Each structure stands twice: as structure tokens, then as C-alpha cells.
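Let's take a walk through a protein model, one region at a time. Keep the structure open beside you as you read.

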Amino acid sequence: MNLFSEIRALVITQLTALQAEGTLPEGLDFTNVAVEPPRDAAHGDMATNAAMVLAKPAKMKPRDIAEALAGKLAEDARVETAEVAGPGFLNLRLATGLWQGLVKSVLDTGAGFGRSDMGQGKRVNIEYVSANPTGPLHVGHTRGAVFGDALASLLDFAGYDVTREYYINDGGAQVDVLARSVYLRYLEAHGQEVAFEDGTYPGDYLIPVGEALKDKVGDAFVDKGEQFWLAEIREFATEKMMDLIREDLKALKIEMDVFYSEKSLYGTGQIEAALKSLEDKGLIYEGVLEPPKGKTPEDWEPREQTLFKSSDHGDDVDRPVKKSDGSWTYFAPDIAYHYDKVQRGFDLLIDIFGADHGGYVKRMKAAVSALSDGQTAIDIKLTQLVKLFKNGEPFKMSKRAGTFVTLRDVVEQVGPDVTRFVMLTRKNDAPLDFDFDKVLEQSKDNPVFYVQYAHARVCSAIKKATDAGIDVTDATIAGADLTKLSDPAELTVARKLAEWPRLVEIAGRTNEPHRVAFYLYELASDLHSLYHSGKDNADLRFVQEDNAAATQAKIALARAVAIVISAGLGILGVTPAQEMR
RNA sequence: GCACCCAUAGCUCAGCUGGAUAGAGCGCUGCCCUCCGAAGGCAGAGGUCUGAGGUUCGAAUCCUCAUGGGUGCGCCA
């Protein structure tokens with residue numbers, strides 16, 4: 001039940017009625033007519049811009065339209081007052097029963113309250129993390145992982161058919177580097193002294209991999225040339241790294257639907273097929289690129305390469321798909337991978353990249369546009385850097401990996417719930433400060449705590465009511481007399497609950513899960529505020545020991561808040577707290 | 001040099017496909033514990049939304065330019 005769309009439907013109906021009466025001309029476009037919460041609650045419960053949007057096409061004064069519409073709307077039982085304000089705003093005050101009904105609707109619908117059919121079952125593929133299988137995930141990956149996962153849940157909640165996907169970059173030179181690094185650890189396991197030169201991965205996490213390799217093949221590769229072991233170790237090490245990454249993701253409570261291997265694209269004709277598709281559109285040619293201006297590499301020399309004419313699809317320059325030696329660039333299998341996604345029939349592709357891949361956005365969009373003839377929509381979201389702090393000091397090194405802080409370092413210190421929530425309290429394209437101490441602080445300036453506390457507070461109120469001998473089970477409060485919820489402070493909370501379905505749609509439309517986190521903070525704030533007003537006004541306390549009916553109504557409201565908080569946290573991938581400890 | 005992202009209160013940040021007097025937390029000031037939990041509550045001060053133009057009935061939001069910051073820029077992935 002989305003009250004906003006319900007009232008908007010009413011507005012449209014009455015506008016149509018005005019047309020039938022001849023007050024408004026025919027042929028008006030109502031798509032821009034909006035019903036939203038007013039900026040200032042004193043203006044009313046909802047406001048519509050209908051009069052201002054329609055004034056020009058209808059060739060009428062906005063206030064005249066607003067007056068006529070106000071008269072129509074006021075006839076409806078749901079509308080208490082309709083007042084024209086300012087340049088032509090129409091402020092609506094809704095009947096109290098509507099808010100009480102909304103609370104009941106939350107209780108009846110439960111966790112599904114706020115679910116939307118906006119997505120109409122459209123198939124969305126969200127690709128995120130996609131870290132190279134060369135080591136454990138680090139903080140940067142963590143943000144992308146949390147963001148992608150929350151976005152996936154959000155879109156699912158908004159009615160899309162979502163696939164969560166991880167692209168394994170196991171086809172490039174970096175997995176050769178991994179294999180060589182593991183080989184060194186393997187020699188070490190055999191008691192040899194080894195040196196980790198530049199271009200190898202020195203992290204401790206490869207020690208057990210080297211030992212496992214020794215257990216598997218004994219000394220078969222010792223003192224042998226690369227040609228004897230590279231392919232096998234590459235395979236072995238990549239699998240071990242993916243096991244590691246899967247463990248990392250699990251620690252963050254992330255489960256992918258699909259792990260898609262880059263390597264699987266080689267030797268199967270898929271890359272060739274994707275490029276053929278582009279070639280058939282006249283988008284592949286042999287050419288020489290201009291050197292980058294202002295920063296010409298010293299060893300620059302013009303070379304002929306196979307290029308994709310991405311500039312035809314919005315990119316700045318054309319991009320190479322083959323190196324000058326004829327082998328594929330990274331871009332080529334990526335084109336093939338996206339070609340595969342297009343062919344799997346998704347309506348929308350979403351890629352989550354780290355900010356350092358920002359330069360890659362245009363060519364990827366160009367590729368998808370070209371491959372699908374503009375039929376498959378693609379959105380690419382960048383996640384900005386995470387700066388870690390501890391005791392107010394920047395925090396950089398990890399004991400585990402040596403050079404970077406891993407996802408595990410973070411999750412093991414603060415837990416998956418806090419990690420996820422904090423990472424989502426910022427827009428994805430804004431840098432994020434993550435302070436190990438602050439995120440665990442139990443105070444109002446810690447949103448995680450504040451929201452969890454609200455949920456726990458409801459749980460505690462329910463327990464308290466039960467202890468007082470009042471039946472506040474879900475079954476009972478679903479039938480509570482909600483007309484007892486008439487205090488403005490209580491209705492304020494109900495109004496906030498009414499915004500939830502609308503917020504889900506806005507967040508889903510913009511692919512911005514952080515809006516959910518901010519909404520939950522506001523909702524929690526309203527609940528805490530109501531709770532505290534019980535201090536001055538005993539009638540507002542959640543538990544009225546001598547009045548079961550009033551308690552049931554108040555607990556119904558509180559329970560509705562808990563349901564929405566729980567649903568919202570569910571989207572963020574955070575478990576609601578039953579109690580604070 | 002070019003591209004992308006960003007610029008909102010002292011600080012950290014929200015701001016709804018353009019809407020009314022631009023919001024929150026922290027910090028600051030002042031009140032409030034006989035009170036379902038003061039790990040708090042209530043109230044107040046604090047803004048030329050980086051600047052200049054433009055579009056519009058209406059701009060923090062859209063467009064152009066400028067300034068400042070971040071990221072990236074053939075044969076890495």
C-alpha cells in the first residue's frame with residue numbers, strides 16, 4: 001500500500017473529471033504531476049504540483065486550476081482539507097483514519113510492506129566485486145561488494161528479477177604472476193630460500209597455497225622450467241584464490257548467483273563471435289591511435305592495432321581490442337562477456353566498478369550499446385575510495401596481506417552488519433571515511449547503533465508489555481483498535497512509515513541504496529522521539545499497564561516501525577538487533 | 001592536454017526524475033534526571049548551496065563557462 005501513489009491516482013482521476021466537465025482542456029499530459037511530502041510538515045501531509053505543471057499547457061492560471069482541483073479532492077473521504085498555497089501548490093491534509101489504516105497495512109503485510117512492482121519482473125544483471133583472483137579482498141572491494149549486494153536486494157524488493165554476478169579475471173597476465181608467486185612459496189615449502197622480486201605477490205596468504213601445492217604434487221615441479229608447471233599452478237592457484245574470495249564474501253554475507261570465468265571465453269570462439277558481431281556493424285578496423293596528449297609515454301611509438309570504433313557510441317576515442325603483437329587486450333574478453341550478458345536476455349546490466357576504473361565506463365557502455373543495438377540498458381556505478389582510520393589516525397597496513405587492509409581485517413574487527421551499514425551511509429560516488437572506533441560507538445552520531453537501537457527498543461517494549469500481562473502478539477495487535485492512535489506524535493511516525501514504499505521506488509529508480517540507510521535513520525529518529533515524549537506525557541508511553549487496548553494500539557505502531565526497519569536492514573544486508581548489549 | 005566524478009552550516013554529510021522559509025548528526029549556547037533505559041531529550045544560534053551567466057512560472061538540482069579537489073588516459077587488468 002503506497003499512500004502516495006494512491007493519492008496521486010485520486011488527483012489524476014479528479015483532473016480527468018475536470019476535463020470531462022470542461023474546466024480543463026483535453027489532451028493534457030499528466031506524467032509530471034507529482035504527489036510528494038511537503039518540505040514543511042506544517043503545510044500538510046501531501047502536496048501536489050498539478051496546477052503548476054498544467055498551467056502552461058492548459059493556458060490557465062495555476063491558482064485557478066488548484067482551486068478547481070481542491071474542490072474536487074475535498075469531496076473524497078480520504079482528504080480532510082485541500083488548500084491552495086504559494087504559487088499554486090495544493091496542500092492536502094489526509095484523514096486520520098488513513099494513517100491508522102496504514103499501520104494496520106504494515107502489520108498485515110509484514111516484511112513485504114513496501115515491496116513494489118515497479119520493476120515489472122524485468123531481468124537485471126548486477127556485476128560486482130569481480131576482483132582479480134590473486135589474493136584476498138581488500139577494503140576497496142568491500143565497498144563495491146556491499147554496494148552491489150545492497151543494490152541487488154533493493155532492486156529485488158522493487159520488483160526486478162535480479163542476478164548477482166562475479167566476473168573472474170582469470171585469463172590475463174596477472175594469473176601468471178600469481179602462479180609464479182605460488183611457485184616461489186612452493187619452493188619455500190621445500191626448504192629453499194626465495195626472493196620476491198617486483199612483479200610477484202609477496203603476501204603471506206600464498207604460503208598455505210604453496211604448501212598445499214607441495215602436498216599435491218610433491219617435488220615434481222622443483223627445479224623445473226616454467227613450461228612444466230605454469231598452466232597447472234595457474235589453475236591450482238586461481239581455484240585457491242577463488243576459495244579465499246568466496247570465504248571473504250561469505251564473511252560479509254554475500255552470495256553470488258553466478259561466477260563467470262574470463263578464461264572460459266578463450267578458445268571457445270566467444271571472443272571472436274563478439275568481435276564478429278561488432279565487425280558486422282562496421283565497428284572494427286585496423287588503425288593507429290594518437291598518443292595521449294600531455295602525458296606521452298617515453299617509449300611511445302605508433303603501432304597498428306585492431307580497434308573498436310567506440311567513438312560511434314559515445315566514447316572519446318576508439319579503443320584497442322588487440323595488442324600490437326596480435327593478442328587480446330583486456331577489453332576484448334570483457335566485450336565478449338558483456339555480449340554474453342546481452343544474449344542471456346537481461347533488460348538491464350549494472351556494473352559496479354571501483355573509482356579507479358572510471359576511465360573504463362564510456363567504452364563499456366559503448367560496447368553494450370553497439371552489441372545490443374541500444375536495446376540493452378546499462379548503468380555503471382563507481383564506488384569511491386574508503387579511507388580507514390583508527391583512533392583518528394589513518395590506518396593502512398594489514399598483518400595478513402602486508403601491503404593493504406583486507407576485507408577480513410575490517411569484518412573481523414567490527415562485524416559484517418556494521419561494515420555493511422557504514423559503507424552504505426554515503427553515496428557511492430562520495431569518498432567514505434571509515435573509523436574503526438566510531439563505527440562501534442554507541443551514540444546518536446553512529447547511525448548503525450541508532451537504527452539498531454530503535455529496533456531493539458521495540459522488542460523491549462513488546463517484552464515489557466508481555467511481562468505486564470498484556471497480549472501483544474502479532475496476531476492480537478493486528479486486530480487492535482488503531483483509532484486510539486490519534487496523538488500528533490504518533491501520527492508523525494505513521495506518516496514516516498507511509499514514505500517507505502515511495503522511498504523504495506526512488507532508491508530503486510536511481511540505483512542508490514544509501515537512501516534506505518538514511519531513511520532508516522530518520523524513521524529510527526522519529527521512533528526514539530515518540531518514545532522520549534512519553535517522559536513528559538505518560539499517555540504516550542508504549543506500555544500502559546492499566547489499559548490493554550491502548551497498549552496494543554501503541555505496540556502495533558511500534559511493531560510496524562520494527563517491521564519496516566527490519567525490511568530496510570534486510571535490503572542493506574544487516575540483521576536487526578533484538579537487544580543492545 | 002582530454003575525459004569522468006565531486007564542491008551545500010565551523011566539521012562530516014543528506015536533499016525526492018526542477019517546487020514553498022535548503023535539512024540531519026557532530027561541535028557551540030541554553031534548559032531538562034522522583035521520568036516505560038540520560039549509552040539521553042528539548043530548544044536556539046549558525047547558509048550569497050564555490051563563482052558568473054543561461055533555460056524556466058520556479059534552480060542546490062538542468063545547460064554553458066570559470067575556479068578548486070579527486071580519478072583515469074595505447075601494447076596492465
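Which residue follows H15, and what is the sign of its phi? The residue is Asn-511, and its phi is positive, near 55°. Before we go on, bear in mind that this is a predicted model.

**Helix H15**

Let's stay with this helix for a bit. H15 covers residues 488-510, which makes 23 residues. At 1.5 Å a residue, a helix like that should span 33 Å, and the C-alpha atoms at its ends are 32 Å apart, so the two values agree. H15 does have a kink, though: it is about 35° and is centred on Pro-501.

What caps the N-terminal end of H15? That job goes to Asp-487, which has a side-chain oxygen 2.9 Å from the backbone nitrogen of Ala-489. So much for the two ends and the bend; here is a handy rule for looking at any helix. An α-helix has 3.6 residues a turn, so residues three or four places apart point the same way.

**A sheet of three strands**

Now for some strands. Strands of a sheet pair through backbone hydrogen bonds, either parallel or antiparallel. Here, S8, S9 and S10 form an open sheet in the order S8-S9-S10, and the pairing is antiparallel. S8 (284-288) and S10 (319-320) are the edge strands, each pairing on one side only. If you zoom in on S9 (residues 304-308) and S10, you'll find two bridges between them. One residue to look for is Phe-308, whose bridge partner in S10 is Arg-319.

**Pockets and cavities**

Next, the empty spaces. Rolling a probe the size of a water molecule over the atoms shows where empty space is left. Here is how the linings break down by class.

| Space | Nonpolar | Polar | Charged |
|---|---|---|---|
| Largest pocket | 18 residues | 12 residues | five residues |
| Second largest pocket | nine residues | three residues | 11 residues |
| Largest cavity | three residues | three residues | three residues |
| Second largest cavity | one residue | four residues | two residues |

The largest pocket holds about 850 Å³ of space. Its lining has 35 residues, and those nearest the centre are His-138, Gly-140, His-141, Gly-354 and Asp-356. Helix H5 (139-157), strand S11 (348-354) and strand S13 (386-390) each give two or more residues to this lining. H5 gives the most, with five residues.

The second largest pocket takes us back to a helix we've already met. This pocket has about 580 Å³ of space, and H15 and helix H16 (514-533) are the elements that give two or more residues to its lining. Which of them gives the most? H15 does, with seven residues. There are 23 lining residues in total, with Pro-37, Pro-38, Lys-496, Glu-499 and Glu-522 nearest the centre.

How many cavities of 30 Å³ or more does a search of the whole structure find? The search turns up two. The largest cavity has about 50 Å³ of space, and its lining includes Arg-143, Phe-147, Thr-383 and His-514.

The second largest cavity has a volume of about 30 Å³. You can find it by looking for His-43, Gly-44, Thr-81, Glu-83, Asn-91, Leu-92 and Arg-93, which line it. Strand S3 (79-85) and strand S4 (89-94) each supply at least two of the lining residues, and S4 has the largest share, with three.

Notes: Residues are numbered from 1 along each chain as its sequence is written. Chains are lettered from A and ligands numbered from 1 in the order in which they are written. This is a predicted model: local features need pLDDT of at least 70, side-chain atom pairs count only at pLDDT 80 or more; totals for chains, interfaces and linings use all residues. Side-chain values use heavy atoms; hydrogens and water are left out. Helices (H or I, at least four residues) and strands (E, at least two) are DSSP runs, numbered from the N terminus. The expected span of a helix is 1.5 Å times one less than its number of residues. The bend at a residue is the angle between axes fitted to the seven residues ending there and the seven starting there. A polar contact is a pair of N or O atoms within 3.5 Å; within protein, one must be able to donate a hydrogen and the other to accept it, and residues adjacent in sequence count only if both atoms are side-chain atoms. Two strands pair if DSSP finds at least two bridges between them. On a 1 Å grid over the protein atoms alone, a cavity is a set of points where a 1.4 Å probe fits but cannot get out, and a pocket is an open set with protein on both sides within 12 Å along at least five of seven lines; lining residues have an atom within 4 Å of a point. Grid points are joined across faces, edges and corners, and a volume is the space filled by probe spheres set on the points. Ala, Val, Leu, Ile, Met, Phe, Trp, Tyr, Cys and Pro count as nonpolar, Asp, Glu, Lys and Arg as charged, and the others, Gly among them, as polar.
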